[in-house]
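The following note records several points on the structure shown below. They are numbered for ease of reply.

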Amino acid sequence: MASSMMVSSAAAATINRAGPAQSSSVAPFNGLKSSAAFPATRKPAGDLSTLPSNGGRVQCMKVWQPYNNKKFETLSYLPPLSDEELAKEVDYLLKNKWVPCLEFSDEGYVFRKYGSLPGYYDGRYWTMWKLPMFGCNDSAQVLRELAECKKEYPTNFVRIIGFDNVRQVQCISFIAYKPY
């Protein structure tokens, strides 16, 4: 028992020797600075002189309609994209060397119909329109395929997807056509 006491006292001496050197490397927390160092500037309650302004021509876009307005994927909160805007999105997809692909679905959103288990949703998988467009280098090709898909399935949702064939992942997906 005496030997264990000696070991303990030797270990404590080692710890005590290392203690002051370690404690000086980290400063202790002294609390937050006094609020007196920061002067408070208060404006009168009715002062509207510093509100942001764009010259008096305020135009706001309505982003949410609470009824009959399902949100789908990226960009779904915007108004429907024109052909020019779709071409710009596809050009972005091609610039990043992603492979475009079109998919369609009559539902267009996920829902629960056949199961109530956690994580189970119907409508997750869409049908692919033709094969992915490997080697595509022009947004006009994708828009032609989009027009063909809309002509063949006018009551279905159509989305454009961009696959990264190096990482083997889907990088972008957005609704290109809504049937209503």
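1. Confidence of the model. This is a predicted model. The chain has a mean pLDDT of 75, with 54% of its residues at 70 or more. Among the elements, helix 3 (residues 139-152) has the highest mean pLDDT, 96, whereas helix 1 (residues 2-23) has the lowest, 49.

2. The N-terminal segment. Residues 1-15 have pLDDT under 50 throughout, and the model shows zero contacts for them beyond four places in sequence. This stretch overlaps helix 1, the element with the lowest mean pLDDT.

3. Geometry of helix 3. The 14 residues of helix 3 span 20 Å between the first and the last C-alpha, close to the 20 Å expected at 1.5 Å a residue.

4. The two faces of helix 3. Ser 139, Val 142, Leu 143, Glu 145, Leu 146 and Cys 149 are the buried residues of this helix. They lie on the same side of helix 3 because the arc they cover around the axis is only 160 degrees. On the face turned away from that buried side, helix 3 carries the exposed residues Arg 144, Lys 151 and Glu 152.

5. Packing partners of helix 3. The buried residues of helix 3 pack against one helix, helix 2 (83-95), and against strand 1 (99-105), strand 2 (127-129), strand 3 (157-164) and strand 4 (169-177).

6. The nonpolar core. The largest nonpolar core comprises 22 residues, and Leu 102, Val 142, Leu 146, Val 158 and Ile 160 have the most contacts inside it. Two or more residues each come from helix 2, strand 1, helix 3, strand 3 and strand 4. Helix 2 contributes the most, with five residues.

7. Val 158 within the core. Which residues does Val 158 contact, leaving aside its neighbours within four places in sequence? They are Leu 102, Glu 103, Phe 104, Trp 126, Leu 146, Cys 149, Lys 150, Phe 174, Ile 175, Ala 176 and Tyr 177. Of these, Leu 146 and Cys 149 are also among the buried residues of helix 3.

8. A buried acidic residue. Glu 103 is located in strand 1. Is Glu 103 buried or exposed? Its relative accessible area is 9%, under the 20% cut-off, and it therefore counts as buried. Its side chain makes a polar contact of 2.7 Å with the side chain of Arg 159. Leaving aside neighbours within four places in sequence, Glu 103 is in contact with Trp 126, Thr 127, Met 128, Trp 129, Phe 157, Val 158, Arg 159 and Ile 161.

Notes:
Residues numbered from 1 in each chain as written. Predicted model: local features only at pLDDT ≥ 70, side-chain atom pairs only at ≥ 80, totals over all residues. Heavy atoms only, no water. pLDDT = per-residue confidence, 0-100. Helix = DSSP H or I, 4+ residues; strand = E, 2+ residues; numbered from the N terminus. Contact = heavy atoms within 4.5 Å. Expected span 1.5 Å × (residues − 1). Buried < 20%, exposed > 50% of the residue type's maximum accessible area, 1.4 Å probe, protein only. Arc of directions from axis to C-beta. Polar contact = N/O pair within 3.5 Å; in protein donor to acceptor, adjacent residues only side chain to side chain. Core = buried A, V, L, I, M, F, W, Y, C linked by side-chain atoms within 4.5 Å.
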